[in-house]
Amino acid sequence: MDATIVTQVDYDAVIIGAGPAGLFCGISCANPKFKVALLEKNSSPGKKLLMAGTGQCNLTHSGNIKDFLVHYGQHGKFVRPSLFNYDNLKLINFFEQRGLRMTELHSGKIFPESLRSKDVLEIMLESCKEAGVDLIYNSPAKSILKQNDHFIISTPQRSFSSRKVIITTGGMSYPATGSTGDGYHLAKILGHSIIEPSPALTPVIVKDYSFAECAGISIPNAKIFLFRCEKKIHETRGDLLFTHKGLSGPGILDFSRYIAKGDLLKVQLADFRNEEEFESDFLNQLHIHAKRSIRNCLAQYNLPDRLLNHILDNLGIANDDKASGLNKKDRKMIVSQIMGFPFEVGKLGGYKEAMATCGGVKLSEVNLKTMESRIVPGLFFAGEVLDIDGDTGGYNLQFAFSSGALAGQNME
Ligand SMILES: Cc1cc2nc3c(=O)[nH]c(=O)nc-3n(C[C@H](O)[C@H](O)[C@H](O)COP(=O)(O)OP(=O)(O)OC[C@H]3O[C@@H](n4cnc5c(N)ncnc54)[C@H](O)[C@@H]3O)c2cc1C
């Protein structure tokens, strides 16, 4: 045994990681007869939660919980029991009953009325303390082993013994918050498989990007098509943001789980069913307004001025070029760029920019109805350490809370 470990402390359950999943698990399972320790490697809990929603905390979404299931890629089936057991209404009630009112902003996103993540964290900490959870900071779990019917969890200062353990160490995004993939290592020691992690909810860096001057422009509800080896493999709709290095905004972040280096993204900038429909409308405008400039004819399609100017400048079309003088080749080029401007994916943003992690503990090795390992009885998982990544809009936090609650209810 490590010579620096001086004591071993016994608990009924040990939770590893004080993010939203770990804190909610503690709130759900601790009671005077069930002694729970929550180990956190940082000197304070919930660092990532404090950053959520740019510090305002978009903790869930409005609407029927059934509608949440499509927001977890291919994993709607796995998240269902957790979300149905502890849904968005229960979560909202939990905070409102403790004096933190909730408000709905930006198409269904739920925030605390105070718009402060800190208030959300404080309520969870108070509730953990009321439940009798021992919060132990500066205690990174370094290794874990199972001896007969109990686990031994080692930190540099002490070891802990418990009958039940839950790993809630999060994924790998924003590593400065403490989420550095430790849970994968611990799960592997105990025989679990890890689906190769990669950054999720991350911006796209575009190869040979020429739109840096358009940074800050956003296109609401843009249609985005994804091509691989010249074949369309996915499409989506969502708000898109031009950045200095490429594309971001919820439409791209949510889509990033499907995107790979070398793919082609085509962004539709005008709201028509297809190129033919747009071309016919555009032709009509060119005929009716033959004396106006081409730029003027295009202005009615609600494209931001800066973006339209950039596209036309790149095509060599001057400010005062008249509609009547537009040749077929240039018209076709305008139509194809507005209905599907092509951006080659240079790479995806790394863990420092990603809001979530794709991959993690393999779902088929975890009982979705209890969150208990199918391999090691008494071992549980919740939150982002699992191979779950949700869309932007409150879906990741709702899963962290719901899976933490479900595990907690089954650990006693
Ligand atoms: C910038 C940003 C903004 C976001 N905004 C939103 C949002 O508005 N809405 C939303 O739904 N989602 C948002 N997310 C995603 C969301 O915050 C995460 O999905 C969620 O925090 C995951 O919760 P978790 O408890 O599983 O893990 P985490 O929050 O990552 O917590 C894991 C905890 O475990 C600790 N830990 C790690 N290893 C060890 C160890 N070995 N021993 C002890 N402790 C350990 C870590 O220090 C950390 O405190 C955002 C993410 C980022 C990065």
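Two residues are in contact if their C-beta atoms, placed from the backbone, lie within 7 Å. Keep that handy for the exercises below.

Residues are numbered from 1 along each chain as its sequence is written. The model is predicted, so local features need pLDDT of at least 70, side-chain atom pairs count only at pLDDT 80 or more, and totals for chains, interfaces and linings use all residues.

**Exercise 1. Into which domains is the protein divided, and how many residues of each are in contact with the other?**

Step 1: get the bounds. Domain 1 covers 8–199 + 354–411, and domain 2 covers 203–349. Such bounds come from an automatic or database domain assignment.

Step 2: go to the interface. There, 8 residues of domain 1 are in contact with 6 residues of domain 2. On the domain 1 side, the classes are 4 nonpolar, 2 polar and 2 charged. For the classes, Ala, Val, Leu, Ile, Met, Phe, Trp, Tyr, Cys and Pro count as nonpolar, Asp, Glu, Lys and Arg as charged, and the others, Gly among them, as polar.

Step 3: add the dimensions. The domain centres, taken over C-alpha atoms, are 40 Å apart, and the C-alpha trace of the protein spans about 85 × 45 × 35 Å along its principal axes.

**Exercise 2. Which strands pair with strand 9, and in which sense, parallel or antiparallel?**

Step 1: settle the terms. Helices (H or I, at least four residues) and strands (E, at least two) are DSSP runs, numbered from the N terminus. Two strands pair if DSSP finds at least two bridges between them.

Step 2: take the parallel partners. Strand 1 (residues 8–16) is joined to strand 9 by 8 bridges, with Y11 partnered by S162. Strand 18 (residues 379–381) pairs with strand 9 in the parallel sense too, over 3 bridges, and I166 stands opposite F380.

Step 3: take the antiparallel one. Strand 8 (residues 150–154) has 4 bridges to strand 9, S154 being matched with S159. A hairpin of 4 residues connects strand 8 to strand 9.

Step 4: check burial. A residue is buried if 20 or more other C-beta atoms lie within 10 Å of its own, exposed if 12 or fewer, and partly exposed in between, with C-beta atoms placed from the backbone. In strand 9 (residues 159–167), 7 of the 9 residues are buried, so the strand is largely enclosed by the rest of the structure.

**Exercise 3. Which residues of helix 6 are buried, and what covers them?**

Step 1: list them. In helix 6 (residues 182–189), the buried ones are D182, G183, Y184, L186 and A187.

Step 2: find the cover. It includes strand 1, strand 7 (143–147), strand 9, strand 10 (194–200) and strand 17 (356–361).

Step 3: look just past the helix. G191 sits there with a positive phi of about 100°.

**Exercise 4. In what order do the 6 strands of the barrel run, and which helix lies across strand 15?**

Step 1: trace the barrel. The order is 11-14-13-12-15-16, with antiparallel pairing throughout the closed ring. From one strand to the next, the twist averages 45°.

Step 2: zoom in on one pair. Strand 11 (residues 204–206) and strand 14 (residues 246–248) are joined by 2 bridges, and I205 faces G246.

Step 3: place the helix. Helix 11 (residues 328–340) lies across strand 12 (218–228), strand 15 (264–268) and strand 16 (341–348), at about 100° to strand 15. Here axes are lines fitted to C-alpha atoms, for helices over the stretch in contact, and angles run from 0 to 180 degrees between N-to-C directions.

**Exercise 5. L115 and E230: where is each found, and is each buried or exposed?**

Step 1: recall the usual backbone. Most residues other than glycine have a negative phi.

Step 2: take L115. Its phi is positive, about 55°, and L115 is found in the loop between strand 5 and helix 5 (117–131). L115 counts as partly exposed because it has 15 C-beta neighbours inside 10 Å.

Step 3: take E230. Phi of E230 is near 65°, and E230 is found in the loop between strand 12 and strand 13 (231–242). With 6 C-beta neighbours inside 10 Å, E230 counts as exposed.
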